[in-house]
Amino acid sequence: CITLGLDEFSLANSVSVYPNPANESITVLTDGLNMTKVELMNIAGQIISSTEVNSTLVKVDVSTVSSGVYFVKVFSEEGTAVKQLVIK
């Protein structure tokens, strides 16, 4: 069992990843949080793509990524948040 601090929990709640499941691209949106980097990782933790950003919204192309379950890791000055993503 992983215990999350309140800050990590609220950080994850302020990040949205859609559509989920995805086909062509995903949109990562934060609730006023400035993202510095967005990573797409496979289930083994390998980084599939990494995008440097300075925004509250970013689009990531996933059209060349194989179908499966992935994790979107969002970095900000306040910390990191991880969301699960399914690619069809």
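## A buried serine to start with

Ser76 is buried, with 11% of its area accessible in relative terms; the cut-off for that label is under 20%. This is a predicted model, and Ser76 is found in strand 6, which covers residues 68-76.

What does Ser76 touch, leaving aside residues up to four places away in sequence? The list is Leu11, Leu33, Asn34, Met35 and Thr36. There is also a polar neighbour: a polar atom of the Ser76 side chain lies 3.2 Å from the backbone nitrogen of Glu78.

## A buried threonine to go with it

Thr30 belongs to strand 2, running over residues 25-30. Buried or exposed? Thr30 counts as buried, because its relative accessibility is 6%, against a cut-off of under 20%.

On the polar side, an atom of the Thr30 side chain sits 2.4 Å from the backbone oxygen of Leu33. Setting aside residues up to four places away in sequence, Thr30 is in touch with Ser14, Val15, Met35 and Thr56. Met35 turns up here as a contact of Thr30, and it is also on the contact list of Ser76. Leu33 gives its backbone oxygen to the short distance with Thr30 and is among the residues that Ser76 touches.

## The sheet around strand 2

Strand 2, the home of Thr30, is part of an open sheet of 3 strands, ordered 1-2-5 and paired antiparallel. Strand 1 and strand 5 (57-61) stand at the edges with a single partner strand each, so one side of each has no neighbour in the sheet. On average, neighbouring strands in this sheet are turned by 15° against each other, ignoring direction.

Zooming in on one pair, strand 2 and strand 5 run antiparallel to each other and are joined over 5 bridges. Leu29 stands opposite Leu57, a residue of strand 5. As background, strands of a sheet pair through backbone hydrogen bonds, either parallel or antiparallel.

## Two cis peptide bonds in one loop

Now for the loop between strand 1 (15-18) and strand 2, where Pro19 is found. The bond joining Tyr18 and Pro19 is a cis peptide bond, with omega at about -10°.

Pro21 lies in the loop between strand 1 and strand 2 as well. Which form does the peptide bond from Asn20 to Pro21 take, cis or trans? That bond is cis, and its omega is near 15°.

## The protein overall

Stepping back, the protein has 1 helix and 7 strands. Along the sequence they follow the pattern α-β-β-β-β-β-β-β. Of the 88 residues, 34% are buried. Ser76 and Thr30 both belong to that buried group.

How much of the contact map is long-range? Taking contacts with a separation of 6 or more, 50% are between residues 24 or more positions apart. The accessible surface of the protein is about 5300 Å², and carbon and sulfur atoms account for 51% of that.

## How far to trust the model

The average pLDDT is 91, and 90% of the residues score at least 70. Where is confidence lowest, and where is it highest? Helix 1 (residues 6-13) is at the bottom with a mean of 69, while strand 3 (residues 35-42) is at the top with 97. Where pLDDT is low, the predicted coordinates should not be read in detail.

Key: Residues are numbered from 1 along each chain as its sequence is written. This is a predicted model: local features need pLDDT of at least 70, side-chain atom pairs count only at pLDDT 80 or more; totals for chains, interfaces and linings use all residues. Side-chain values use heavy atoms; hydrogens and water are left out. Helices (H or I, at least four residues) and strands (E, at least two) are DSSP runs, numbered from the N terminus. Buried means under 20% relative accessible area, exposed over 50%, partly exposed in between (1.4 Å probe, protein chains only). A polar contact is a pair of N or O atoms within 3.5 Å; within protein, one must be able to donate a hydrogen and the other to accept it, and residues adjacent in sequence count only if both atoms are side-chain atoms. Contact means heavy atoms within 4.5 Å. Accessible areas come from the Shrake-Rupley method with a 1.4 Å probe; for residues, only the protein chains shown count as cover. pLDDT is the predictor's confidence in each residue, from 0 to 100. Two strands pair if DSSP finds at least two bridges between them. Axes are lines fitted to C-alpha atoms, for helices over the stretch in contact, and angles run from 0 to 180 degrees between N-to-C directions.
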